[in-house]
Amino acid sequence: MIKFIIDSARELDWNSRKWQIVRSLLALSTLMTLLLSDFDRLLFVSNTHSFYFVNVNFFELFNRNFLIIKIIAIVSLCLVISGYFPKITSILHWWIAFSLTVSSTFVDGGDQICALLCMGMIPICFISSRKNLWNTNDVSRRMNIYLLIF
C-alpha cells in the first residue's frame, strides 16, 4: 500500500497549472466573501479580546482599522490569483483564510475547507522553484522527491 502511494506521488505532475487553478478558485471564494459581505457584520468584534486566536488573527492588525485590513486582504488575494511569489502568497493566503474562519460570524463549512486546503498547498508552493505558478516553462522534475520527503 505504501509503495503504491509513493509510486502514485512520483507520477503526479506537481508542476502543472492545476494547483494554481485550485489556489485561484480558493482565493476567489475568499475574495468574494470579503467584497460582497458587510465587513462590520462579517467579523466577530470583541472589546475584551477573549477568543483564542486573537494574537495571530489577520483582521486584528492595525487596531481594527477595517478599511486598511480589507484593502490589504484584497490586494493579497489578487496577488494569489495572479500566481506570483507562491512561497510568500501561500502563507499569506492561508493566514487570511484561517483568520476569516476563526473570526467570522457567518460560519459555514466552505471557509473552513478553504483554510484547510490553503494550509495543505503551502508545501507544494514552497517546493516549486517558479516565480509564477501559471508559468510551466522552467520546470524541473526533481521536485517530486523533495515533496515526498517533506
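Here is a friendly exchange about the terms used for this predicted model and the values behind them.

User: Before we start, what are the ground rules for the numbering and the values?

Analyst: Residues are numbered from 1 along each chain as its sequence is written, and side-chain values use heavy atoms, with hydrogens and water left out. Because the model is predicted, local features need pLDDT of at least 70 and side-chain atom pairs count only at pLDDT 80 or more, while totals for chains, interfaces and linings use all residues.

User: Thanks! Why is the pair F58 and W95 called edge-to-face?

Analyst: Rings of Phe, Tyr and Trp (its six-membered ring) pair if their centres lie within 6.5 Å; planes under 30 degrees apart count as stacked, over 60 as edge-to-face and the rest as tilted. The centres of F58 and W95 are 5.0 Å apart and the planes stand at 80°, so the pair is edge-to-face. F58 sits in the loop between α3 and α4 and W95 in helix α5, 37 residues apart; helices here are DSSP runs (H or I, at least four residues), numbered from the N terminus.

User: And what makes W94 and F98 stacked?

Analyst: Their ring centres are 5.3 Å apart with planes at 20°, so this pair is stacked. W94 and F98 are 4 residues apart in helix α5, about one helical turn.

User: How do you know whether F98 and W94 are buried or exposed?

Analyst: Buried means under 20% relative accessible area, exposed over 50%, partly exposed in between (1.4 Å probe, protein chains only). F98 has 19%, so F98 is buried, whereas W94 has 25% and therefore counts as partly exposed.

User: How do you know whether C118 is in a disulfide?

Analyst: A disulfide is a pair of cysteine sulfur atoms within 2.5 Å. For C118 the nearest cysteine sulfur, that of C114, is 4.0 Å away, and C118 is in no disulfide. For C125 the nearest is that of C118, 9.2 Å away, and C125 is in no disulfide either. The count comes to 0 disulfides. C118, at 4% relative accessibility, counts as buried.

User: What makes a set of residues a nonpolar core?

Analyst: The set consists of buried Ala, Val, Leu, Ile, Met, Phe, Trp, Tyr and Cys residues joined through side-chain atoms within 4.5 Å. The largest one has 15 residues, and L34, F39, L43 and F59 have the most contacts inside it. Helix α4 gives the largest share, 5 residues.

User: What is notable about phi of F85?

Analyst: Phi of F85 is near 50°, a positive value in a residue other than glycine. Most residues other than glycine have a negative phi.

Definitions and conventions:
Helices (H or I, at least four residues) and strands (E, at least two) are DSSP runs, numbered from the N terminus.
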